[in-house]
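Here is a quick walk through the cysteines and the overall build of one chain. Have a look at the structure first, then read on.

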Amino acid sequence: MAHTTADYKSEVKITWCPGCGDFAVLNALYQALVTMDLDPKNVVVVSGIGCSGRLPIFVNSFGFHGVHGRVLPTAMGVKIGNPKLTVIAVGGDGDGLAIGGGHFPHAARRNIDITYIMLDNNIYGLTKGQASPTTAQSFQGKSSPYGVSEENLNPIALALAYDVSFVARAYSGQLKHLSDLMVDAVNHKGFSFVHTLSPCVVFNDTYKYYGKKVTPIAPYENTSSKMRALEMWQDKEHIFLGTFYKDETRQTFNERIRDIIGQFPRDDEKYFRELVNRYA
Amino acid sequence: MKDILVRIGGEGGEGVISCGEMLTTAFARSAYDVYTFRTYPAEIKGGPAMFQVRASDAPVLSQGAAADILITFNEEAHQLHGNTIRPDGLLVYEPAHYKPEGTFECYAVPLDEITLNVVKSKLGKNVVALGVCSRILGMSIELLEEMVRDRFGKKGEMVVAKNIEALKAGYDYVDKHPFKKDLPKFAAIKSPIKRIVMSGNEALSIGAISAGCRYYGGYPITPASDILEFMEKDLPKFGGAVVQTEDEISALASVIGASFAGKKAMTATSGPGLALMVELMGLSAMSEIPCVIVDAMRSGPSTGMPTKTEQGDMNLAVYGAHGDAPRIVLAPGDAEECMYLMIQAFNLSEKYQCPVLYLTDQSLAHRTQTFPWPDFKRVPVVNRELPTEKDLKEGYVRFKMTDSGVSPMALPGMEGGCYAATGLEHTEKGAPNFTPKMHTQMSFKRARKIEMASRESGFTARYGAKKAKIGIIGWGSTQGAIREGVDMAAKAGIPVAHLQVKMVYPLPEADIKEFLSSVEQVIVAELNYSGQYNQLFRSRFLLPTIAMTKCEGLPFYAEEILAKIQAVASGSEQPVAGAVLSR
């Protein structure tokens, strides 16, 4: 019997603020899981810390709410621990680009077969409104009373530069598109990244701004052209939504591990004997 | 009894270490017990290197102090180690470099010239030196030739032939130029025990594999890097995966992730890396996910002395966390124990679903020791408790309160087992919960497991006199030196009891209380400045223990242990109040 969204909803009461973009991400995820008809017991949602970090707790699957910034290495461990699992990593802009920014390039170069959904609200919401690495310079808030001194990072640019093998952007305001992209990302063979604009209605409400700026990537665009993808992220007029870049020809990390292990036909006793003999 | 200490000194990259390693294997294959120790510069090429091997037909407990034979590849080695030769020892020197003087016998061997004449290059000096050594020690040339074949066989017949020539050249030189000193001869003896020679790092790696470790994540750091290299090479043969991660934080994060998914997993690091892992140790404790963390300690703080030994991470290992994050800390006493206690480390981690820290140090990590062919079945493997079908059908409760504090752990893929592991305080089902009652209950649950672990038996080893007024307590790599010091004290007429604690935390209380009640004065010996374990002991047992500390980057010498015992026995050394800072 096919699964319904009810199968993926946990009993835990959702604690996000009314109107938070993360609700749409959660609902899109429920919908994506229905579309893929994945068995909850074979799905692991891993997260870091922040508003988005709570997400796994609201999903009836296996979940792992770890420490701040370490969602990617934790998710990698889960995927290596059991390659049959569908592993979805979620985390915020602070989690993934500030404290955990060092892990993103390494997940990319491993091409670990997990999906990373970055819920980007351009703010630190759970600590009540400090500027994050993606907050606009003009933003005046508690930790940036005179504006933000640093320029903001562009997650899509980073993903393209790190050679992530699936790079896409979605928006909480367009739930169906977000859900469809999640399905594409999970089905992608390799490391997939979905940059999700998920506004914080309390500390940095960007719904109006995004509402005017977001534009779907034209269906005729070639997703194998990185140059075109780079042009699109640099576009000042539009914030493009959709798949920027995709490369399915690359080997995944689990495949490489499998190949290494595969060189050795199982015979523990023989290998123990050889090991000890080395020291005789 | 034969007991000899050979020390070899030279420039890093000259083959001092490989010469020493081959000599060690030769001793072991001749059925003698060995114990090696090495120092090396933090630089890769250049700087002084030293390797020493102590061999005996009786068990060798420590690295030893004064050298019976010192082999110097250059004058600097003599400057550095000349004062460590016994007054009646033998110094092998290179006459082209310098002319030494001393009460010991100076034996000139033109290593460079022999090497150039025979091998026609500067390489091979270490094998010539090996030939010299082995002849001095009366070893069989056939045995050494076989060893050279085993070691260089992969590089082809040419290389083997050249090396055997070099070996023989050294051997022949000694035959033609006799020395005077009367040394014990180490011809091969028949022994029913087949021996292997292994370093602490190697032994614990094999122990981990045999315990069922199938994921290793690690980041290079001295002196733990060879564990990563060992695992990279050998773990895949057993179906395991290894990742060299981008830092120590991701190493432990991935280990905890893999363990969550059902794999036994570990990482290994040294002090600076352990410091980075502290937050994740708390996550492992909070989410009750097993993991094993090896800390091959080096001198600290900060970058400290990366190639020197110390037992300075005790406090970090035991207390390193925000909040109460109970864990188990083990410390093996020698290379053989590195192997077997590692199986226990995994067992305890699985049984109590908590982090287990495994403290070795530079000296134990890199020294090699002989021990009997391993019997992996000696320590039965324990796996974590999984939920029963009934548990899963009737609404699975991940963190169910139980008498032992341990609750069955579901793994992804188990029907009915869905839950979210979290570092947030949580209910029995795993849902976040910040009520006073829940935090109290869950803190108790996590601490309860560690209390249960403190009742495990077999994590101390008593040695020395059955009845004694003086007791000495140690942990980790110092075991052998303390035992030897205790033996020396016994010979000097002072009976001393020794307790080596293998489960450093929680303290195995029954054994320790019994030991404490059997003696009148207690020395706690360790290699750090402030007496970290002594402080833990004092606070736990409210006893005026006497600290013995050493913070030189070097292991204890048995003679130092003896001197401390004598000072306590004579009454000149008394317990002092407060931290142990003034000496």
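## Cysteines

Keep in mind that this is a predicted model. Let's start with C17(A), which comes out as partly exposed, with a relative accessibility of 41%. Is C133(B) buried or exposed? C133(B) is buried, at just 2% relative accessible area.

Now for the bonding. Searching the whole structure across all chains turns up 0 disulfides. C17(A) takes part in none, and its nearest cysteine sulfur belongs to C20(A), 6.4 Å off. C133(B) isn't in one either; there the nearest cysteine sulfur is that of C19(B), at 5.2 Å. The cut-off for a disulfide is a pair of cysteine sulfur atoms within 2.5 Å, so 5.2 Å doesn't qualify.

## Fold of chain A

Chain A is built from 11 helices and 8 strands. Its radius of gyration is 20 Å, close to the 19 Å the globule rule gives for 280 residues, so chain A is as compact as a globular protein of that length. Measured out along the principal axes, the C-alpha trace of chain A covers about 70 × 45 × 40 Å.

What share of the 280 residues in chain A is buried? The figure is 59%. As for contacts in chain A with a separation of 6 or more, 71% of them come from residues 24 or more positions apart.

## Surface and charge

Chain A has an accessible surface of about 11800 Å², and carbon and sulfur atoms own 53% of that. On the charge side, chain A carries 28 positive and 27 negative charges, and the mean positions of the two sets lie 3 Å apart.

Notes. Residues numbered from 1 in each chain as written. Chains lettered and ligands numbered in written order. Predicted model: local features only at pLDDT ≥ 70, side-chain atom pairs only at ≥ 80, totals over all residues. Heavy atoms only, no water. Buried < 20%, exposed > 50% of the residue type's maximum accessible area, 1.4 Å probe, protein only. Helix = DSSP H or I, 4+ residues; strand = E, 2+ residues; numbered from the N terminus. Rg over C-alpha atoms; globule rule 2.2 N^0.38 Å. Contact = heavy atoms within 4.5 Å. Areas by Shrake-Rupley, 256 points an atom, 1.4 Å probe, with all protein chains shown as cover. Lys, Arg positive; Asp, Glu negative; His and termini not counted. Charge placed at Lys NZ, Arg CZ, Asp CG, Glu CD.
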